[in-house]
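Student: Could you pick one part of this protein and walk me through it slowly? I'd like to see how that part sits among everything around it.

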Amino acid sequence: MLTCSKLIAGGQGLAAALVKRAATVELDWDVRQKSRFDATDSNGRAFGVFLARGTLVRGGDVLVLEDGSLVRVQAAPQEVLRITACAEHGSSFDLTRAAYHLGNRHVPIELQPDHLKIEPDHVLADMLRAMHMTVVTVQEAFEPEGGAYSSHGHAQGHGHSHDHGHSHTDHAHGHVHGPNSKHDH
């Protein structure tokens with residue numbers, strides 16, 4: 001069996017033609033959050049993956065097998081709960097509030113501008129419905145946030161800086177706050 005110990009996040013740095021021609025493998029979130037697993041690619045080749053502990057595999061990542069061949073990862077559709085604000089009497093703030101409550105429970109969550117996704121959990125679904133959220137079960141790819149310290153969901157860095165060239169401790173913004181604003185810069 002072939003082995004893989006290298007992951008290229010998002011196929012970064014690879015020619016698009018190489019990535020497009022690569023074999024594929026569909027993996028659900030339960031597998032992609034493991035650093036060791038077995039898989040079979042679209043060409044029928046079985047391989048074992050042995051990545052650094054803590055590495056998350058994302059849809060669009062490219063695995064490099066020991067023979068130099070590439071395998072493009074696709075996030076497999078799986079059962080998830082899709083959460084939206086109530087169309088009749090909800091607001092976009094409701095979605096933010098729901099994300100806050102789910103985050104407090106350390107639930108893996110995919111954040112989108114108009115919806116959230118979590119793995120099925122009837123207790124959380126009931127809580128969200130009590131908050132007047134619309135919760136439906138769907139079959140979709142699941143790409144939860146990696147967390148503030150996970151380097152965009154990968155154990156490896158992406159080689160870019162987050163330095164914005166200014167301090168966040170003492171600067172003015174040039175924007176006006178309303179009379180009820182309770183913060184200063």
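Tutor: Let's start where a helix ends. Helix α3 is followed by H106, and the phi angle of H106 is positive, near 55 degrees. Keep in mind as we go that this is a predicted model. H106 is not a glycine, yet its phi is on the positive side. You'll find H106 in the loop that links α3 to β8. Is H106 buried or exposed? The cut-off for exposed is over 50% relative accessible area, so H106, at 72%, counts as exposed.

Now step back into the helix itself. α3 runs over residues 92-104, which makes 13 residues. From its first C-alpha to its last, α3 reaches 19 Å, close to the 18 Å expected at 1.5 Å a residue.

Which residues of α3 are buried? They are D94, L95, A98 and L102. These four cover an arc of only 100 degrees around the axis, so they lie on the same side of α3. Here's the general idea behind that: an α-helix has 3.6 residues a turn, so residues three or four places apart point the same way. Turn the helix around and you meet S92, F93 and Y100, exposed residues on the face directed away from the buried side.

What does the buried side lean on? The buried residues of α3 pack against strands β7 (78-85), β8 (109-111), β9 (116-118) and β10 (133-140), and also against helix α4 (122-130).

Take A98 as a close-up of that side. A98 is one of the buried residues of α3, and its relative accessible area is 0%. Setting aside residues up to four places away in sequence, A98 touches L116, L128, M131 and M133. Going by the residue ranges, L116 falls in β9, L128 in α4 and M133 in β10. Looking back along the chain, A85 is 13 residues from A98, and their C-alpha atoms are separated by 9.0 Å.

Next, try H101, another residue of helix α3. H101 has 25% relative accessibility, so it counts as partly exposed. Beyond its neighbours within four places in sequence, H101 is in contact with M127 and M131. You've met M131 already, in the list of residues that A98 touches. H101 also has L124 at 9.6 Å, C-alpha to C-alpha, although their positions lie 23 residues apart in sequence.

Just past that part of the chain, have a look at H132, which is found in the loop between α4 and β10. What is the phi of H132? The answer is near 65 degrees, again a positive value in a residue other than glycine.

So how does this corner fit into the whole chain? The protein chain has 4 helices and 10 strands. In sequence order they follow the pattern β-α-β-α-β-β-β-β-β-α-β-β-α-β. Of the 185 residues, 36% count as buried. Among contacts between residues at least 6 apart in sequence, 63% join residues at least 24 apart.

L2 lets you see one of those long jumps. L2 is found in strand β1 (residues 2-8), and E66 comes 64 residues away along the chain, yet the two C-alpha atoms are separated by 6.5 Å. E66 is also among the residues that L2 touches, together with R45, A46, F47, G48, L65 and D67, leaving out those up to four places away.

A second example is S35, in the loop between α2 (29-32) and β3 (36-40). A loop residue can still be covered: S35 has 10% relative accessibility, so it counts as buried. With residues up to four places away not counted, S35 touches V49, F50, L51, A52, R53 and G54.

One last stop brings us back towards the end of α3. The largest pocket has a volume of about 190 Å³. Its lining has 10 residues, and those nearest its centre are V107, P108, E145, G146 and G147. What kinds of residues make up that lining? It divides into 7 nonpolar, 2 polar and 1 charged.

Definitions and conventions
Residues numbered from 1 in each chain as written. Predicted model: local features only at pLDDT ≥ 70, side-chain atom pairs only at ≥ 80, totals over all residues. Heavy atoms only, no water. Helix = DSSP H or I, 4+ residues; strand = E, 2+ residues; numbered from the N terminus. Expected span 1.5 Å × (residues − 1). Buried < 20%, exposed > 50% of the residue type's maximum accessible area, 1.4 Å probe, protein only. Arc of directions from axis to C-beta. Contact = heavy atoms within 4.5 Å. 1 Å grid on protein atoms, 1.4 Å probe; cavity = no way out; pocket = protein on both sides within 12 Å on 5 of 7 lines; lining within 4 Å. Points joined across faces, edges and corners; volume = space filled by probe spheres on them. Nonpolar A, V, L, I, M, F, W, Y, C, P; charged D, E, K, R; others polar.
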